Amino acid sequence: MSDTPESRWIVEALELYERPLLRYARWIVRDVECAREIVQETFLRLCRENPARISEHLAQWLFTVCRNLAFDARKKEGRMTPLGDAEIGVEPGLEDKQTVSQILQIVQTLPKNQREVLYLKFQCDLSYKEIAEITKLSVSNVGFLIHTAVRAVRRQLLSEPVRRTQ
Amino acid sequence: MNIHPDDPKWTAYVLGELDADERAEIERLVESSEEARTLVEELRVAAGMLRDELASQSGRAPALLAEQRAGVLAASAGASAPAR
């Protein structure tokens with residue numbers, strides 16, 4: 001493949017977002033092969049987009065497309081309750097408590113809407129505004145959910161000895 | 001001055017999500033109140049631990065298969081470049 005500005009843009013997007021998007025998609029669909037297909041389709045759609053329209057909010061665009069494709073996939077698979085009741089959260093393999101840190105165990109006990117915004121904030125490093133656009137929540141609601149979740153984590157950490165696993 | 005720990009602005013402050021005026025307001029509270037300093041410090045620790053834990057998970061994330069990545073890169077040859 002030739003190294004053109006066009007391909008470099010996509011390569012840079014792949015480098016930055018391939019794995020975070022895969023984790024996010026796998027988190028929703030709970031199947032790594034399905035998640036890979038979703039993320040590939042996300043990037044194929046990126047190739048067809050007008051960069052001038054989305055380059056200023058690339059992360060937000062990618063996560064929004066990925067999220068929509070993932071929920072569509074879950075609905076098609078018939079594994080899913082309606083969107084509003086969808087359970088987002090515990091990744092395959094994370095159920096084994098021996099391998100999960102105390103922090104992640106606490107996160108897994110949080111409501112699904114709190115888990116999603118925590119993931120987008122702390123793992124994907126998105127802003128409240130970007131998270132609001134992706135999840136279709138208001139910025140103030142995102143702030144409330146993150147604050148509530150961080151306080152819950154803080155409260156549980158303070159009440160129990162911290163046991164971190166690597 | 002009363003501190004309201006339920007107010008989302010405390011975590012927004014710790015995460016750098018406030019505008020300049022809001023940030024200045026929190027900083028005044030932090031300067032004048034032991035309770036506010038304690039709250040901010042505890043939120044900072046919890047947020048830091050969350051970031052460390054969740055970010056560390058990224059490194060263990062799966063990747064696209066080689067043929068899927070190649071498909072994207074092939075499609076990218078026909079993509080437009082963003083205006084720089």
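The following exercises, each with a worked solution, concern a predicted model of chains A and B.

Local features are reported at pLDDT of at least 70 and side-chain atom pairs at pLDDT 80 or more, while totals for chains, interfaces and linings use all residues. Residues are numbered from 1 along each chain as its sequence is written, and chains are lettered from A and ligands numbered from 1 in the order in which they are written.

**Exercise 1. Describe the packing of α2(A) against α4(A).**

Step 1. Two packed helices are described by the angle between their axes and the distance between the axes. Helices are DSSP runs of H or I with at least four residues, numbered from the N terminus. Axes are lines fitted to C-alpha atoms over the stretch in contact, and angles run from 0 to 180 degrees between N-to-C directions.

Step 2. For α2 (residues 32–48) and α4 (residues 58–77) of chain A, the angle is about 135 degrees and the axes are 9 Å apart. Angles under 35 degrees count as roughly parallel, over 145 as roughly antiparallel, 65 to 115 as roughly perpendicular and the rest as oblique. The pair α2(A) and α4(A) is therefore oblique.

Step 3. The crossing of α2(A) with α4(A) is right-handed, that is, the near helix is turned clockwise from the far one by less than a right angle.

Step 4. Residues are in contact if their C-beta atoms, placed from the backbone, lie within 7 Å. On α2(A) the contact includes A:C34, A:I38 and A:V39, and on α4(A) it includes A:L62, A:V65 and A:C66. This contact has 10 nonpolar, 1 polar and 2 charged residues. Here Ala, Val, Leu, Ile, Met, Phe, Trp, Tyr, Cys and Pro count as nonpolar, Asp, Glu, Lys and Arg as charged, and the others, Gly among them, as polar.

**Exercise 2. Give the same kind of description for α6(A) and α7(A).**

Step 1. The axes of α6(A) and α7(A) come within 10 Å and cross at roughly 135 degrees. α6(A) is therefore oblique to α7(A), and their crossing is right-handed.

Step 2. A:E116, A:V117, A:L120 and A:K121 of α6(A) meet A:I131, A:I134 and A:T135 of α7(A). By class, these residues comprise 4 nonpolar, 1 polar and 2 charged.

**Exercise 3. Which residues of chain A have a positive phi although they are not glycine, including one in the loop between α1 and α2?**

Step 1. Most residues other than glycine have a negative phi. A:R30 has a positive phi of about 60 degrees, and A:K136 has one of about 65 degrees.

Step 2. A:R30 lies in the loop between α1 and α2 of chain A, and A:K136 in the loop between α7 (128–135) and α8.

Step 3. A residue is buried with 20 or more other C-beta atoms within 10 Å of its own, exposed with 12 or fewer, and partly exposed in between. A:R30 is partly exposed because it has 19 such neighbours, and A:K136 is exposed because it has 9.

**Exercise 4. Characterise the contact between chain A and chain B.**

Step 1. The contact joins 42 residues of chain A to 36 residues of chain B.

Step 2. On the side of chain A, α1(A) gives the most, with 12 residues. That side has 25 nonpolar, 10 polar and 7 charged residues.

Step 3. Chain B itself has 4 helices and 0 strands, and 27% of its 84 residues count as buried.

Technical notes: Helices (H or I, at least four residues) and strands (E, at least two) are DSSP runs, numbered from the N terminus. Two residues are in contact if their C-beta atoms, placed from the backbone, lie within 7 Å.
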